[in-house]
Amino acid sequence: MSILDERKLKLHKRIRQFEIEGISMIGNLNNGAIIGLDDKGKNLINRINNNDFIHKDLLDHDEQQLLDHMIERNFFTEEETSLKAAYVHLTDRCNLHCVGCYSFVENRNARDVLSFESICFILDQLKSNGVEQVVFSGGEPFIRKDITEICKYAKEEAEIFNLHVITNGTLKYDKYVDAFSYIDGLSISIDGYNEETQFIRDKGIMPRIIKNIHFLKEKVPVTLIATIHKRNVQYVDEYLKFSKDLGVQLSFSIFTVDPNDKTFKDFIFDHKSLLEFSNKIIHLDKNVKVLDTPTGEIELTCRGNCEVGKEMVSIGADGTIYPCHMLHDASLEFGNIFDISLKEALQAPDNPFSKLDVDDINGCKNCEYKYICGGGCRGRSWLYHKSLQHRDSYCPFIKNFYQDTISKVKESINQ
């Protein structure tokens with residue numbers, strides 16, 4: 001008879017047991033694993049929490065499966081949180097003038113760009129710190145004449161497993177066709193859903209973008225990113241049809257800016273329009289994602305916080321290290337990657353992101369959905385409240401999504 005002793009069965013400190021809408025769950029904040037518990041499962045967890053000896057051979061089939069799954073998903077062995085993804089802004093320069101650009105800086109087109117060697121140094125730093133996924137952003141990355149060489153270095157020398165590039169879709173990409181063999185995915189930001197529509201980007205560019213999409217989708221996997229705001233939320237179905245007709249994937253990005261800037265007053269979601277968008281999203285194909293929210297996941301995961309500043313960083317076009325691409329704020333920077341090692345910057349004792357916990361976020365503590373939401377986006381928390389400890393201002397959108405998801409889970413259980 002094999003016996004697993006209590007030491008081996010002690011749940012580590014990042015395990016959370018909780019209940020949502022009457023469904024009992026246990027989750028691992030370190031890797032997102034989440035398990036639904038029936039009465040038998042809850043009893044087994046209670047025995048583990050009480051330090052009882054567990055004789056595996058005396059467990060029934062379901063209990064053994066639960067225990068094996070928990071062992072496999074490291075419920076008893078705590079994994080170290082490590083850097084996994086990074087945005088790298090190859091330049092601040094851009095040929096467009098988009099309202100609410102998340103990476104806008106003054107005099108962007110007059111700024112110097114980092115040398116090829118400096119970009120390579122950044123990529124080496126990221127790889128040596130465990131990064132497997134890199135997103136090249138800007139500005140407009142394809143403004144750089146050495147974009148092909150940069151992409152080649154990222155894949156062949158830095159050995160970045162997953163390389164994505166975000167572009168505005170307006171340039172002459174035939175000049176960079178060799179770059180696409182090194183790119184795992186190309187995201188094209190779009191504003192309209194046909195040749196005529198325009199909301200936040202330069203007028204007259206959609207015909208060129210549509211032509212380029214036809215060209216690019218034959219060279220590299222393409223995903224369109226449509227920025228959704230109060231003025232275009234009613235056209236979600238049109239964006240879906242637009243991408244389907246073009247034969248490419250679609251993701252949505254929620255317009256996120258400083259709400260106190262009057263420039264954006266006609267675009268910022270109010271409560272009504274936010275719920276309108278949320279209700280539309282609920283009924284979309286599961287492959288359509290909403291970026292910068294935890295609702296893009298097909299399955300529920302356990303979250304204790306936003307991953308920024310711990311599992312994800314953003315490197316500015318001058319080498320400045322930021323917690324994420326939504327938080328390019330001088331008061332939140334970690335230093336410059338050419339002056340301080342990435343590891344040293346992230347492990348600094350005053351890194352506020354290392355201590356983020358949904359249990360401490362204002363407005364989240366008593367919410368039953370907190371361990372699948374994680375408090376939402378810290379970027380919106382900062383933009384709206386100048387605090388990292390406030391719930392996401394788009395909480396109604398996120399909560400509405402999860403309420404519907406849990407409702408569907410309950411329906412499947414009762415079938």
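1. Let's start with strand β3, residues 23–28, which is mostly covered: 6 of its 6 residues are buried. Keep in mind that this is a predicted model. Side chains in a regular strand alternate between the two faces of the sheet. In β3, I23, M25 and G27 point one way, while S24, I26 and N28 point the other way, and all of them are buried.

2. On one side, β3 has β2 (residues 15–20) as a partner, and the two pair in the antiparallel sense over 6 bridges. If you want to check the register, look at G27 in β3, the bridge partner of R16, and at S24, also in β3, the bridge partner of E19. The link between these strands is short to describe: β2 and β3 make a hairpin with 2 residues between them. One backbone angle to look at there is that of E21 in the turn, where phi is positive at about 50°.

3. Next comes β4, residues 34–37, which pairs with β3 in the antiparallel sense over 4 bridges. Here S24 turns up again, standing opposite L37 in β4. This is a hairpin too, with 5 residues between β3 and β4. In its turn, G32 has a positive phi of about 85°.

4. Putting the strands together gives an open sheet of 3 strands in the order β2-β3-β4, with antiparallel pairing. β2 and β4 stand at the edges with a single partner strand each, so one side of each has no neighbour in the sheet. From one strand to the next, the twist averages 25°. Helix α1 (residues 39–49) packs on this sheet and touches β2, β3 and β4. The direction of α1 makes about 115° with that of β4.

5. Now for the whole protein, which has 11 helices and 15 strands. Its radius of gyration is 23 Å, close to the 22 Å that the globule rule gives for 415 residues, so the protein is as compact as a globular protein of that length. For box dimensions, the C-alpha trace spans about 70 × 45 × 40 Å along its principal axes.

6. A few numbers on burial and contacts to finish. Of the 415 residues, 52% count as buried. Among contacts with a separation of 6 or more, 68% come from residues 24 or more positions apart. The accessible surface of the protein comes to about 19900 Å², and 47% of that belongs to carbon and sulfur atoms.

How values were computed: Residues are numbered from 1 along each chain as its sequence is written. This is a predicted model: local features need pLDDT of at least 70, side-chain atom pairs count only at pLDDT 80 or more; totals for chains, interfaces and linings use all residues. Side-chain values use heavy atoms; hydrogens and water are left out. Buried means under 20% relative accessible area, exposed over 50%, partly exposed in between (1.4 Å probe, protein chains only). Two strands pair if DSSP finds at least two bridges between them. Axes are lines fitted to C-alpha atoms, for helices over the stretch in contact, and angles run from 0 to 180 degrees between N-to-C directions. Contact means heavy atoms within 4.5 Å. The radius of gyration is taken over C-alpha atoms; the globule rule is 2.2 Å times the number of residues to the power 0.38. Accessible areas come from the Shrake-Rupley method with a 1.4 Å probe; for residues, only the protein chains shown count as cover.
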